[in-house]
Amino acid sequence: MVGRIITKVILRREGLRFPFPTDFENKVTGTQVESIRRRAKYLLIDLDDGRIILSHLGMSGRYTLFDNTKVRSYSQTENRISRFGSATGFDGRHDHVEFQFDDGSAAVYTDPRRFGIMDLIDIGEEPIHFLLENLGPEPLLAWDANQLAKALKNKSTNIKVALLDQRVVVGVGNIYACEALHRSGIHPTRSSKTLVRKDGKPTAKLSLLVEKVIEVLHQAVEVGGSSLNDFADVNGTLGYFGHHFQAYDREDGPCLKEGCGGTIERITQSGRSTFLCPRCQR
Ligand SMILES: [Zn+2]
């Protein structure tokens, strides 16, 4: 999408989780995409007029990119029905937004559950936008155990719940929290502050946890995500991190940690499934 000029926007409903911004089609048509960034799970599409399309995939959203050989133009009356069919995963029924570009290519936003977000904000508004202002640090950028220790110092919340809290650190989803805690030998129900020393410094365990969170995220990115909720990348490829789970979704299976011999259990924390080995996670 970067470098392309948006020549047409088709909206096939009033909105997703929120209504689309007023006059969204007209405001973005004619602008050029300068760059695409990410903040937590938000996509920020920088336009050359100083505005940013703020987008979130919600539970089930995806973008699929099509080159000019796959894109046909619609007449005005045909706009309502997507022509991409099964190429976007759901017979085109949930292709709610379509961006067409000057080189004939297109980006289609598909979202069966419609928890996604599409907003238009001004550049510079990111730190104060209500969806972005309280987000914690990015785990793959300048994040370390000292920062995490500071965030957890007085928290008696369970460590697993704290890891999922976007104010503590962003982007560590349920699967990755389970896996990182298993790899670092920390019990998910452990009180967060017990991982911080009296002087506010991280314990060795907390430092190991930070290391493992980063490791798990890097591995997941490498293999293209986890394919839960039919996750697919922009080319429609499914992710394969599922093949690497050591705890997640392995209830009653043997712990894979060498010499452990424990059995993976499932518990529920804040309404989410947690998988853990009670023998090697303390
Ligand atoms: Zn174990």
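**A colleague's note: rings, sheets and a zinc site**

1. Let me start with the rings: the structure holds 7 aromatic pairs. The first one to look at is F66 with F84, where the ring centres are 4.1 Å apart and the planes meet at 20°, so this pair is stacked. F66 belongs to strand β5, while F84 sits in the loop between β5 and β6, so the pair ties together parts that are 18 residues apart in sequence. Please keep in mind throughout that this is a predicted model.

2. Are these two rings buried or exposed? F66 has a relative accessible area of 9% and is buried. F84, at 8% relative accessibility, counts as buried too. The cut-off for calling a residue buried is under 20% relative accessible area.

3. A pair with another geometry is worth a look next. The rings of F245 and Y248 have centres 5.2 Å apart and planes at 70°, so they count as edge-to-face; the angle has to be over 60 degrees for that label. F245 is buried at 11% relative accessibility, and Y248 is buried with a value of 11%.

4. There is also a ring cluster: F20, F24 and F99 are linked by ring pairs. F99 has a place in the strand pairing as well, since its bridge partner in β7 is A107. The strands concerned are β6 (residues 95-101) and β7 (residues 106-110), which run antiparallel and are joined by 5 bridges.

5. That brings us to the sheet around them. Its 4 strands follow the order β1-β6-β7-β5, with antiparallel pairing, and the sheet is open. At the edges are β1 (6-11) and β5 (62-66), each of which pairs on one side only. Neighbouring strands here are turned by 15° against each other on average, with direction ignored. The edge strand β5 is also where F66 of the stacked pair lies.

6. A further open sheet of 4 strands has the order β2-β3-β4-β8, again with antiparallel pairing. Its edges are β2 (33-39) and β8 (117-122); each has a single partner strand, so one side of each is left without a neighbour in the sheet. From one strand to the next, the twist averages 20°. Inside this sheet, 5 bridges join β3 (residues 42-47) to the antiparallel β4 (residues 51-56), and I45 has I53 in β4 as its bridge partner.

7. Now the metal. Which residues hold the zinc ion? The donors are the SG atoms of C255, C260, C277 and C280, at 2.2 to 2.3 Å. The angles among the 4 donor atoms run from 101 to 116°, and the site is tetrahedral. For reference, ideal angles for four tetrahedral donors are 109.5 degrees.

8. Along the chain, the zinc donors follow the spacing C-x4-C-x16-C-x2-C. Within this set, C260 and C280 link distant parts of the chain, 20 residues apart: C260 is in the loop between α5 (204-223) and β9 (265-269), and C280 is in the segment after β10 (272-276). C260 is buried, at a relative accessible area of 12%.

9. Finally, the overall layout. The domain assignment gives domain 1 as 6-128 and domain 2 as 145-276. How far apart do the C-alpha centres of domain 1 and domain 2 lie? The distance between these centres is 32 Å.

Methods
Residues are numbered from 1 along each chain as its sequence is written. This is a predicted model: local features need pLDDT of at least 70, side-chain atom pairs count only at pLDDT 80 or more; totals for chains, interfaces and linings use all residues. Side-chain values use heavy atoms; hydrogens and water are left out. Two strands pair if DSSP finds at least two bridges between them. Helices (H or I, at least four residues) and strands (E, at least two) are DSSP runs, numbered from the N terminus. Axes are lines fitted to C-alpha atoms, for helices over the stretch in contact, and angles run from 0 to 180 degrees between N-to-C directions. Domain bounds come from an automatic or database domain assignment. Rings of Phe, Tyr and Trp (its six-membered ring) pair if their centres lie within 6.5 Å; planes under 30 degrees apart count as stacked, over 60 as edge-to-face and the rest as tilted. Buried means under 20% relative accessible area, exposed over 50%, partly exposed in between (1.4 Å probe, protein chains only). Donors are N, O and S atoms within 2.8 Å of the metal (3.2 Å for Na, K and Ca); water is not among the atoms, so sites may look incomplete. Four donors count as tetrahedral if all angles lie between 85 and 135 degrees; four count as square planar and six as octahedral if opposite donors are over 155 degrees apart and all others between 65 and 115; anything else is irregular.
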